[in-house]
Amino acid sequence: MADLFSPEWMESYKEQWNAEAELSDALAKINFTANIGYGFKGDDKPIGVLVVENGKAVAAGAYEGQELNWDLRADRSHWDKWVKNGLNMMGMGMAYTKGNLKFVVGDYGAMVKDPRMVGPFIKSFSVMGRV
């Protein structure tokens, strides 16, 4: 298995993202377009980036200074746990409240209040487990 957020891992994540209707199709319905960075707390920048246009992941790879709409960070141990077990609404709230999941860029409050976004966001964690 490729290292978490490596270019190879991100490419596989992109494929899994697009294969999951509850994620890509749901976000397509709201014309969700974003550059999403993924990385570790304490790092200066994310490691990987996923480019999403109208719900579909169109590019993935190493972060190379792209402007981000979302930048998600956590310790490796938390990422490993979420990749293995997924995440539910309560777990996400706890992770955010405890500071285990950081939104360096992006509005967690707005996302969590919009069921059209929060459902796919939570689904993205279970999709990570397929990589």
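In this predicted model, Tyr96 touches Leu101, Phe103 and Tyr108, when residues up to four places away in sequence are not counted. Tyr96 itself sits in helix H4. Is this tyrosine buried or exposed, or something in between? Its relative accessible area is 36%, and Tyr96 therefore counts as partly exposed, since that class runs between the 20% limit for buried residues and the 50% limit for exposed ones. A further pairing helps to place Tyr96 in the fold: Ala74 is 22 residues away in sequence, and the two C-alpha atoms are 9.8 Å apart in space.

A helpful next step is to look at the chain as a whole. Six helices and five strands make up its secondary structure. Read from the N terminus, their order is α-α-β-β-β-β-α-α-β-α-α. The C-alpha trace spans about 35 × 30 × 25 Å along its principal axes. How does the radius of gyration fit with a compact globule? For 131 residues such a globule would have a value near 14 Å, and the 13 Å of the chain agrees with this. Of contacts between residues at least 6 apart in sequence, 64% join residues at least 24 apart.

Turning to the surface, 48% of the 131 residues count as buried. The accessible surface comes to about 6,600 Å², and carbon and sulfur atoms account for 49% of that area. Charged side chains number 15 positive and 17 negative, with 7 Å between the centres of the two sets.

What lies inside? The largest nonpolar core has 37 residues, and Tyr13, Trp17, Tyr38 and Trp79 are those with the most contacts inside it. At least two residues of this core come from each of several elements, among them helix H1 (7–19), strand E1 (34–40), strand E2 (48–53) and helix H4 (89–98). Helix H6 gives the most, with seven residues.

Tyr13 offers a closer view of this core. Apart from neighbours within four places in sequence, Tyr13 is in contact with Tyr38, Leu50, Ser124, Val127, Met128 and Val131. Lys14 is placed in helix H1. Does this lysine count as buried or exposed? Lys14 is buried, because its relative accessible area of 16% is under the 20% cut-off. With neighbours within four places again left aside, the contacts of Lys14 are Leu50, Ala57, Val58, Ala59 and Ala60. Leu50 is thus a contact of both Tyr13 and Lys14.

How values were computed: Residues numbered from 1 in each chain as written. Predicted model: local features only at pLDDT ≥ 70, side-chain atom pairs only at ≥ 80, totals over all residues. Heavy atoms only, no water. Helix = DSSP H or I, 4+ residues; strand = E, 2+ residues; numbered from the N terminus. Rg over C-alpha atoms; globule rule 2.2 N^0.38 Å. Buried < 20%, exposed > 50% of the residue type's maximum accessible area, 1.4 Å probe, protein only. Contact = heavy atoms within 4.5 Å. Areas by Shrake-Rupley, 256 points an atom, 1.4 Å probe, with all protein chains shown as cover. Lys, Arg positive; Asp, Glu negative; His and termini not counted. Charge placed at Lys NZ, Arg CZ, Asp CG, Glu CD. Core = buried A, V, L, I, M, F, W, Y, C linked by side-chain atoms within 4.5 Å.
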